[in-house]
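Trainee: Could you take me through one part of this model up close? I'd like to start with a pocket and then see how the helices pack.

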Amino acid sequence: MDPETGLSCDICVNNLLAVVNTKLLRDYAQIDRRLRQLAFIVKHWAKIRRVNETYQGTLSSYAYVIMCIHLLQLRRILPCLQEMEATYYVKVDENNCAYFDQVEKLNNYGAHNRDTISRLLWAFFHYWAYEHDYTRDVISIRTGRIISKERKDWTRRVGNDRHLICIEDPFEISHDLGRVVDKFSIKILREEFERAANILQFDPNPSMTLFEPYVPPLLPNLLQEETANAASN
């Protein structure tokens with residue numbers, strides 16, 4: 001994080017796959033501006049609610065963007081660029097990275113869908129709270145569809161890869177972006193998705209409640225200590 005601006009960024013050295021992934025996300029964002037807006041809000045929410053920390057067993061910002069693209073593909077706002085005739089191709093290690101990148105030809109692709117950002121934000125959280133089948137499904141923006149865990153052989157834990165929420169990397173397709181999520185953090189994630197969906201559905205002032213900073217619950221001994229201190233004061 002830059003100490004003057006407070007901005008944080010990732011620096012990659014000799015990581016060509018990250019460059020190609022970034023190009024793919026940028027090209028999707030150029031098709032419909034709602035992707036950029038939705039991803040910004042979701043990533044801000046994830047940071048405030050502390051569910052974007054992979055070292056704590058939650059999801060990366062990159063994973064959240066993939067999840068946003070998936071939603072917009074399901075709603076026919078974005079196409080599946082990797083299912084179209086490739087105009088861009090590069091091979092990175094053993095990964096064949098090819099897709100249609102002439103996105104200026106797709107500017108009106110999702111014009112028939114008039115969903116607002118508020119509607120899409122609700123749809124995002126509602127999908128992950130109530131619609132996604134965590135036991136069977138893998139989201140795949142590479143195919144533009146949901147595919148099965150059986151097809152990916154992601155039905156069991158292998159080493160530290162747990163496959164409790166399955167998000168296929170679009171180019172390194174053996175890589176599950178949700179592999180870091182464990183049995184404790186999946187519970188937190190699903191509770192947060194449900195909380196957000198319910199706020200957007202029922203709260204008359206959702207923007208205030210949705211972005212309330214996450215406060216970890218007190219451990220029993222700390223709770224007793226605070227109660228004792230309050231009583232003494």
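Trainee: By class, how many nonpolar, polar and charged residues are in the lining of the second largest pocket?

Mentor: Keep in mind that this is a predicted model. The lining of the second largest pocket splits into four nonpolar, three polar and four charged residues. The space inside that pocket comes to about 230 Å³. Eleven residues line it, and R50, E53, Q56, I188 and Y214 are the closest to its centre.

Now let's zoom out for a moment. The protein has eight helices and five strands, and along the sequence they come in the order α-α-α-β-β-α-β-β-α-β-α-α-α. The C-alpha trace spans about 70 × 45 × 45 Å along its principal axes.

On to the helix packing. Two packed helices are described by the angle between their axes and the distance between the axes. Take helix 2 (residues 33–48) and helix 3 (residues 61–74): their axes come within 9 Å and cross at roughly 135 degrees. Angles over 115 and up to 145 degrees count as oblique, so helix 2 and helix 3 are oblique to each other. Their crossing is right-handed. On the helix 2 side, the contact is made by R34, L35, L38, A39, V42, K43, W45 and A46, while helix 3 brings in S61, Y64, V65, C68, I69, L71 and L72. Sorted by class, that contact holds twelve nonpolar residues, one polar and two charged.

Helix 3 also packs against helix 4. Here the axes come within 10 Å and cross at roughly 105 degrees, and helix 3 and helix 4 are therefore roughly perpendicular to each other. Helix 3 makes this contact with Y64, M67, C68, H70, L71, L72 and L74, and helix 4 answers with L120, A123, F124, Y127 and W128. The class count for this contact is eleven nonpolar, one polar and no charged residues.

From helix 4 we can step to helix 6. Helix 4 covers residues 117–131 and helix 6 covers residues 185–202; their axes come within 8 Å and cross at roughly 135 degrees. That makes helix 4 oblique to helix 6, and the crossing is left-handed. The helix 4 residues in this contact are L121, W122, F124, F125, H126, W128, A129 and Y130, and they meet F193, E194, A196, A197, N198, L200 and Q201 of helix 6. In terms of class, you get eleven nonpolar, three polar and one charged residue.

If you want residues to click on, try Y64, C68, L71 and L72 of helix 3: they are among those in the contact with helix 2, and they also turn up in the contact with helix 4. Likewise, F124 and W128 of helix 4 take part in the contact with helix 3 and in the one with helix 6.

Key:
Residues are numbered from 1 along each chain as its sequence is written. This is a predicted model: local features need pLDDT of at least 70, side-chain atom pairs count only at pLDDT 80 or more; totals for chains, interfaces and linings use all residues. Side-chain values use heavy atoms; hydrogens and water are left out. Axes are lines fitted to C-alpha atoms, for helices over the stretch in contact, and angles run from 0 to 180 degrees between N-to-C directions. Helices (H or I, at least four residues) and strands (E, at least two) are DSSP runs, numbered from the N terminus. Angles under 35 degrees count as roughly parallel, over 145 as roughly antiparallel, 65 to 115 as roughly perpendicular and the rest as oblique. A crossing is left-handed if the near helix is turned anticlockwise from the far one by less than a right angle, and right-handed if clockwise. Contact means heavy atoms within 4.5 Å. Ala, Val, Leu, Ile, Met, Phe, Trp, Tyr, Cys and Pro count as nonpolar, Asp, Glu, Lys and Arg as charged, and the others, Gly among them, as polar. On a 1 Å grid over the protein atoms alone, a cavity is a set of points where a 1.4 Å probe fits but cannot get out, and a pocket is an open set with protein on both sides within 12 Å along at least five of seven lines; lining residues have an atom within 4 Å of a point. Grid points are joined across faces, edges and corners, and a volume is the space filled by probe spheres set on the points.
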